[in-house]
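Thank you for passing the model along; here is a note on its architecture, core, domains and ligand shell. The points are numbered for ease of reply.

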Amino acid sequence: MTSKHKRPLPKRDLSLIDPYQQGKSVLENTVKPIKLSSNESSYGPSPRAIEAYRSVENALFRYPDGAQHELRQAIAEIHNLDIDKIICGCGSDELLGLLIRAYAGEADELLLTENHFIMCPIYARPQGITIVLAPEDNYRINVDSILRMVSDKTRMVIIANPNPPTGVWITGREIKQLHDKLPGDILLIIDAAYAEYVADDDYDAGFGLVDEFENVVVTRTFSKIYGLAGLRIGWAYCPDHVIDTLQRVRSPFNTTSAALAAAAAAVRDVEYIKSIREKNTSSLKKISSSLTAAGLRVVPGVANFYLASFAGVEGKTASGAAKYLESKGIIPRPVNSSTDDALRITVGNDAENDAVITALTEYMSNRDG
Ligand SMILES: Cc1ncc(COP(=O)(O)O)c(C=O)c1O
């Protein structure tokens, strides 16, 4: 029997899930705003990546290489990794989603830290997975606090290192301590989307743990330092049995020919990436000292964004600052809407950063907030 009043319902109440909010990109009355809301690279990709992207135009009628061979080969060579442990995805978020769906289900727990990548709960909730959050120490991941939250229902721990919204990171030693104390049947995923920005010897993205153990995965992206966010391409380094699982559940052509070609050229242009990292580091230094001088607190991170905090500054709020920045054609990303005390702002090019410094300095010295 059919009824006109019936309609199909999703398997659980998905209306309870807040959809992902993309960083704003349009401003009324501003033709070309300075978009600093999504941690994209203002420098764009390597010219070699653009050339490689164009080189596939005559083959667009063909399916891409489902085995992703050229890109996996380039990643393996540059990072000195086992090619058979590499898999590429439509952004690293696709791979995180596949991993969550493959390794956790109804009544299982996914353990994240307080400031996590927002797509993780969005992927987990429709599966009936419970999200557990481990507190951080002033935006820094705390290994003991994660270990305290592990229960017999925990199937997976995901940490972002460096971690938005500050770009603060934990050392390879700390990650090892975390791994040492996790039961072997819990999958530890290290989301290293901003790894290329870190130049410190104590940082370790975690590839060695993947080679040594059966329960560690590292995810990486071409959306950030490589400047290829629009092509949607990321990758993961996984133990063989995890690769085997992901190969069974991914779509056969999840990465386009244009993305595969551009990313392979991008990863081989090591000098270009080094130059972007150096520019980013010196921009962060200048931004941090200028905004601190203006009376703001900048949480010291290393990635291509920073957290500007207005906490404790009388009469100043994140929403007030965002409004002022937007009036100058600049789009930041508000965080912590309940406390209204911080903005996450992407590091831009020199002119963009100067515009932010000028606007925030004006906002801070402005008497009426
Ligand atoms: C911490 C973190 N992980 C993963 C991603 C996903 O990146 P993509 O899907 O573009 O590879 C992002 C994107 O902003 C991120 O901030």
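1. The protein contains twelve helices and 13 strands, where helices (H or I, at least four residues) and strands (E, at least two) are DSSP runs numbered from the N terminus. Its radius of gyration, taken over C-alpha atoms, is 21 Å, close to the 21 Å that the globule rule (2.2 Å times the number of residues to the power 0.38) gives for 369 residues, so the protein is as compact as a globular protein of that length. The C-alpha trace spans about 60 × 60 × 45 Å along its principal axes.

2. Some caution on provenance is in order. This is a predicted model, in which local features need pLDDT of at least 70 and side-chain atom pairs count only at pLDDT 80 or more, while totals for chains, interfaces and linings use all residues. Residues are numbered from 1 along each chain as its sequence is written.

3. On packing overall, 44% of the 369 residues count as buried; a residue is buried if 20 or more other C-beta atoms lie within 10 Å of its own, exposed if 12 or fewer, and partly exposed in between, with C-beta atoms placed from the backbone. Of the contacts with a separation of 6 or more, 72% are between residues 24 or more positions apart, a contact being two residues whose C-beta atoms, placed from the backbone, lie within 7 Å.

4. The protein is divided into domain 1 (22–43 + 271–365) and domain 2 (47–269), with bounds that come from an automatic or database domain assignment. The centres of domain 1 and domain 2, taken over C-alpha atoms, are separated by 26 Å. Across the boundary, 20 residues of domain 1 are in contact with 18 residues of domain 2. On the side of domain 1 that touches domain 2, α10 (270–293) and β10 (305–309) each supply at least two residues, and α10 gives the most, with six residues. By class, that side of domain 1 has eleven nonpolar, five polar and four charged residues, where Ala, Val, Leu, Ile, Met, Phe, Trp, Tyr, Cys and Pro count as nonpolar, Asp, Glu, Lys and Arg as charged, and the others, Gly among them, as polar.

5. The largest nonpolar core, meaning a set of buried Ala, Val, Leu, Ile, Met, Phe, Trp, Tyr and Cys residues joined through C-beta atoms within 7 Å, has 106 residues, and those with the most contacts inside it are I100, L110, M156, V217, A262 and A263. Helix α9 (residues 257–268) provides the largest share of this core, ten residues. The core draws at least three residues from each of domain 1 and domain 2.

6. Two alanines give a local view of the packing. Leaving aside neighbours within four places in sequence, A263 is in contact with L71, F222, Y226, L228 and I233. A49, which lies in helix α1, is buried, with 25 other C-beta atoms within 10 Å. Not counting residues up to four places away in sequence, A49 touches L228, A262, A265 and A266.

7. Which residues are closest to the ligand? They are G91, S92, D93, T221 and S223, among the 13 residues that surround the ligand, where a residue is near a molecule if its C-beta atom, placed from the backbone, lies within 6 Å of it. The shell divides into five nonpolar, six polar and two charged residues.

8. Several backbone features deserve a look. A cis peptide bond joins N161 and P162, with omega about -5°, and the peptide bond from P164 to P165 is also cis, with omega near 5°. P162 is found in the loop between β5 (154–160) and α6 (172–181), as is P165. Q68, in the loop between α1 (47–55) and α2 (69–79), has a positive phi of about 55° although it is not a glycine, and Q68 is buried, with 23 other C-beta atoms within 10 Å. N138, in the loop between β4 (130–134) and α5 (143–148), has a positive phi of about 45° and is not a glycine either, but N138 counts as exposed, with 8 C-beta neighbours inside 10 Å.

9. Finally, D240 is placed in helix α8 (residues 240–249) and counts as exposed, with 11 C-beta neighbours inside 10 Å. The C-alpha atoms of D240 and D84, 156 residues apart along the chain, are separated by 7.4 Å. Leaving aside neighbours within four places in sequence, D240 is in contact with D84 and K85.
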